[in-house]
Amino acid sequence: MAWCADLMPGRYEYVTLAASLPYLGRLFTEAHLPISRFRLEARLEQLSAEHRALLDEVVAAIAWDRVAQLDSDAQIIDRCRQVMGRLGAYPALQEILRARLETRTIVAALRRRRDGAGDAGEIADWGYGRWLGTMRANWSDPAFGLGHFMPWVGEAQAKLAKDDRIGLERVILSEAFRQMDRLAEGHEFDFEAVVIYVLRWRLVERWRQYDAERATARLGGLLDAAMDAAPSDGIAAGVFTHREIAS
């Protein structure tokens with residue numbers, strides 16, 4: 001267990017690294033990431049080899065682009081459990097993984113019910129966390145009986161019912177950001193602080209990707225409208241200002 005000694009937490013072990021990471025801002029308001037992926041990776045070279053490997057495991061366990069490569073919910077849960085088993089010295093990071101799995105389970109349940117599932121079925125096969133029994137017992141409730149202390153579940157249900165994919169993503173990312181805000185308390189210059197920063201950075205990056213999708217879709221709609229309105233000689237009836245295209 002010598003490697004465990006190398007990973008024992010220290011409140012100020014990464015003062016220089018943590019202090020060099022720029023403030024990310026609020027999730028839905030920043031137009032640009034304050035630090036590029038390339039520069040972030042360069043800063044992370046200050047981590048010990050053991051910590052860098054553990055950071056990569058955490059990211060691989062919960063990042064959407066990594067999780068999408070797995071074949072089933074059971075595989076996702078199994079990977080998170082394995083990583084949590086290696087995070088004994090870092091309870092805040094264990095809790096982040098637990099919270100993310102529970103959020104994923106709730107969203108999966110919303111989608112299953114929307115797609116016609118009349119009950120939770122073998123929920124332990126595809127779900128994780130404290131709320132499996134509550135969800136099974138309240139399957140017909142819009143928020144699975146969780147809405148009084150998890151208002152985001154009702155919001156997610158409403159977005160899903162409208163097939164508002166980007167709106168649903170906003171709800172999910174907001175909840176993930178809130179979870180990390182709570183669990184970041186007491187961590188400023190340690191390994192946990194660095195991991196939480198990286199996970200937050202990935203959430204901001206993910207939202208910017210969705211924002212770009214939305215802008216592209218709106219631009220496509222504007223161009224389609226322009227083509228529909230164009231006179232027969234093919235010259236557009238009007239031009240779009242930079243502000244209109246970017247809005």
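The following legends describe close-up views of a predicted model.

**View 1. Helices α10 and α11 cross in a left-handed manner.** Helix α10 comprises residues 151–161 and helix α11 comprises residues 165–183. Their axes come within 8 Å and cross at roughly 165°, which makes α10 roughly antiparallel to α11. From α10, the contact involves W152, E155, A156, K159 and L160, and from α11 it involves G167, L168, V171 and E175. By class, the residues of this contact are five nonpolar, one polar and three charged.

**View 2. E175 of helix α11 is a buried residue.** The relative accessible area of E175 is 8%; because buried means under 20%, E175 is placed in that class. Apart from neighbours within four places in sequence, E175 is in contact with T103 and W152. The side chain of E175 also meets that of R178 in a salt bridge, at 2.8 Å from N to O. Both residues belong to helix α11 and are three residues apart, about one turn of the helix. R178, with 42% relative accessibility, counts as partly exposed, whereas E175 counts as buried.

**View 3. Helices α4 and α6 form a left-handed crossing.** Helix α4 covers residues 49–62, and helix α6 covers residues 73–85. The two axes come within 9 Å and cross at roughly 155°, so α4 is roughly antiparallel to α6. In this contact, E57, V58, A60, A61 and I62 of α4 meet R79, C80 and V83 of α6. The contact residues divide into six nonpolar, no polar and two charged.

**View 4. A salt bridge joins R86 and E57.** The closest N and O atoms of this pair are 2.5 Å apart. R86 lies in the loop between α6 and α7, while E57 lies in helix α4, so the salt bridge ties together parts that are 29 residues apart in sequence. R86 is partly exposed, with a relative accessible area of 33%. E57 is likewise partly exposed, with a value of 24%. E57 also takes part in the contact of α4 with α6.

**View 5. R98 and E95 form a salt bridge within helix α7.** The distance from N to O is 3.6 Å. The two residues are three residues apart in helix α7, about one turn of the helix. R98 is partly exposed, with a relative accessible area of 31%.

**View 6. E41, R52 and D56 are linked in a network of salt bridges.** The count of salt bridges in the model comes to 13.

Key. Residues are numbered from 1 along each chain as its sequence is written. This is a predicted model: local features need pLDDT of at least 70, side-chain atom pairs count only at pLDDT 80 or more; totals for chains, interfaces and linings use all residues. Side-chain values use heavy atoms; hydrogens and water are left out. Axes are lines fitted to C-alpha atoms, for helices over the stretch in contact, and angles run from 0 to 180 degrees between N-to-C directions. Helices (H or I, at least four residues) and strands (E, at least two) are DSSP runs, numbered from the N terminus. Angles under 35 degrees count as roughly parallel, over 145 as roughly antiparallel, 65 to 115 as roughly perpendicular and the rest as oblique. A crossing is left-handed if the near helix is turned anticlockwise from the far one by less than a right angle, and right-handed if clockwise. Contact means heavy atoms within 4.5 Å. Ala, Val, Leu, Ile, Met, Phe, Trp, Tyr, Cys and Pro count as nonpolar, Asp, Glu, Lys and Arg as charged, and the others, Gly among them, as polar. Buried means under 20% relative accessible area, exposed over 50%, partly exposed in between (1.4 Å probe, protein chains only). A salt bridge is a side-chain nitrogen of Lys or Arg within 4 Å of a carboxyl oxygen of Asp or Glu.
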